[in-house]
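Please examine the structure shown here before reading on. A visitor's questions and a guide's answers follow it.

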Amino acid sequence: MLADLPKAHKLVWPHEDDPKERLLLDPIPQDEMNSRMLKPMLKASPGYWLTVAILATVVAVCLFGYWFYMVRWGMGIAGIRRPVGWGMFIATFVFWIGISHSGTFVSAILRVFNVEYRRPITRASELMTTFSLACAGLFPFIHLGRAWTVYFMIPMPNQRQLWTNFQSPLAWDLIAITTYLIGSTLYVYLPMIPDLAMTRDRMTGWRRTIYKFLSLGWRGLEYEWHYLHVAIKIFAFAIIPVMFSVHTIVSWDFAMSTQVGWHSSIFGPYFVTGAIFSGVSAVISVLLVVRKTMGLGYFLRQEHFDALAKLVLVFSLAWTYFFFNDYLVEWYGGEWVGHQLLTLQARGPVAPLWYAMLFFNIAVPVLTLWNKRVRRSPIALFLITIGINIGMYLERYIIIPGFLQRNRLPFDWGAYNPQPVELSIAIGTLAFFSLLYLLASKVVPLIPVWEVLEGQLSHTRRRIGKTVVTSVAELE
Amino acid sequence: MAEQKQGHRWTMVIDLDRCTGCQACVVACHAENNVPTVGPETVSMGRAQHWIRIERYWEGEYPDVRARFIPILCQQCGHAPCEPVCPVFASYHSDAENLNIQVYNRCIGTRYCANNCPYVARAYNWFDPYFPEPLNEQLNPDVTVRYRGVMEKCTFCIQRIKRGQDQAAAEARSLHDGDVTPACGQSCPAEAIVFGDLNDPHSRVAELAKSRRRFKLLEDLGTDPAVIYLKGGASHAG
């Protein structure tokens, strides 16, 4: 319809975004839309299998192999020491918990606020939540000195009626992460049911049997749609406070302690903001790869990345605000140990990491993402978002093994050097995440086709006078 | 908890004027409590395994330099930061003894307690312990040997406290001051370390605790330590 307009008309308001692209208002037949999603699922190139094989090997050797070696010989093969009791394991744990905020934020919060451009990107980001939680969930086991006694942490009394200690932030952690994992898994599964049913209807043989089971006998009746919408709405609202609680509780693992630099009331919102910052960036990186490798250009357009990049910019500024606040208070307070920490960051062994963090988290996004050309360039965006996640990893690294190097008794200060096992397990979980995602991309439709269709049907383009507006019909 | 007068309030007084930094307490503690010696390489990695250590600080500028020593061990805090953070109650407060107990069999090795200890008093078993000949012949049967992945720390020689109590009970008398001495106090040639019950008004620690030189380490954190230091150096008066 817009094509009918005179060319000059467009030039009058060049700044105005046309929502046509974001809302996919160029419908194609439903069958074609379905097959555009299903085709990349059914076809697996040799490159795909090679990647899967490499990743599986990395997971088996670097993650599980090295981990069991460490269980056998002791935590001593890691670089942690006195007084740095927590090192890269916990930093990587917090990193993955941060990534897990991607899905919930992009999907649930944008859904609750009826942000229409979310439609094609919800599923892919929700899956990131589930898989990154699967990675994060390994670390409480990995970092235990006696991993075989991990069941002591289950909130259940033993034969002597001894419970877990509900005063401990680690006990809160376990409950929060389990809740989030179960909640987010259900939340990714619910909106998937109609798509699984769609897949079922187009499959034959053993695949059909599996999807028949997975789609829970979905037939697309009116009451089914009604209940599905109600259930999604409940979950979308319910998962948001869970998301906030999870990273707040993770931040309390540090904030509740007596360690200087950790004991800060700003850690909750600071960590949540950082988590969403890294999560949304990770969504962009992953979606760019998905679009490129699976040929989903119809569903994932420049405009979606543009909108997500704006979110990243906003969260970069928000993170900067919290960082500045935390830093300034520590500096102005003038406590001696606090100043030692700041010196450690500015001039000590942590300094290169600290400046790299500021570069990746503040300088790069703030100086580039205001520019629409950058926001719409896949390569630039990919590099920037990967950089942000490097920066956010460095942030966790600086806060955890970095801060622990200084305490109130200077005799006990010490440096932390990560050892091969810590690097290997961190890389192993990155491979684990990628492997899960790769496998899922062949099982689960990564684009919620029905949601895209719903969005297309609920929008119409109308000409009023000389302008064209998009009108929305609420689906009720 | 420190306010209660019932029961014992085991207390250690360390006179820094008497401490020569000879490390006899460190050796005695290793022998008494089956603390493994880890060797110089491990120590240089920051994994010295001691329940008590002598911290040495230099005072002044060369050539007018003076070494100051302060022995640091678990302060057996009344409000210990290590206790609430343990998810499995491996680190908990014994109300009967007024001590911080570490239950090795319950410990799962999160190391949260060590991170949260402002005195850095906790030692972690990074590997299985190794006792080279002939140290393996002198393990104390009263004390467990801890295996890899377990946090440990000074117990105030709780096995000696128990033995003293049992002895007193067998002789049908109450515990006298001086009945119980931990290994560090017993071995201190300068008698810088005095151990006893603060709730007993006539005990030596109760007398020493009245000193004007007394201070507790990082007392502003509100941890209520059971170790009282007597300030050393020339500045004190009394």
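The dialogue below treats the overall form of the chain and then one pair of helices.

Visitor: How many helices and strands are there in chain A?
Guide: This is a predicted model, in which local features need pLDDT of at least 70 and side-chain atom pairs count only at pLDDT 80 or more, while totals for chains, interfaces and linings use all residues. Residues are numbered from 1 along each chain as its sequence is written, and chains are lettered from A and ligands numbered from 1 in the order in which they are written. Helices (H or I, at least four residues) and strands (E, at least two) are DSSP runs, numbered from the N terminus. Chain A has 20 helices and two strands.

Visitor: What percentage of the residues in chain A is buried?
Guide: A residue counts as buried if 20 or more other C-beta atoms, placed from the backbone, lie within 10 Å of its own. Of the 476 residues in chain A, the buried share is 43%.

Visitor: Which term describes how α4(A) and α19(A) lie to each other?
Guide: The axes of α4 (residues 46-73) and α19 (residues 420-441) of chain A come within 8 Å and cross at roughly 140°. These axes are lines fitted to C-alpha atoms over the stretch in contact, and angles run from 0 to 180 degrees between N-to-C directions. Angles under 35 degrees count as roughly parallel, over 145 as roughly antiparallel, 65 to 115 as roughly perpendicular and the rest as oblique. The two helices, α4(A) and α19(A), are therefore oblique.

Methods. Buried ≥ 20, exposed ≤ 12 C-beta atoms within 10 Å, placed from the backbone.
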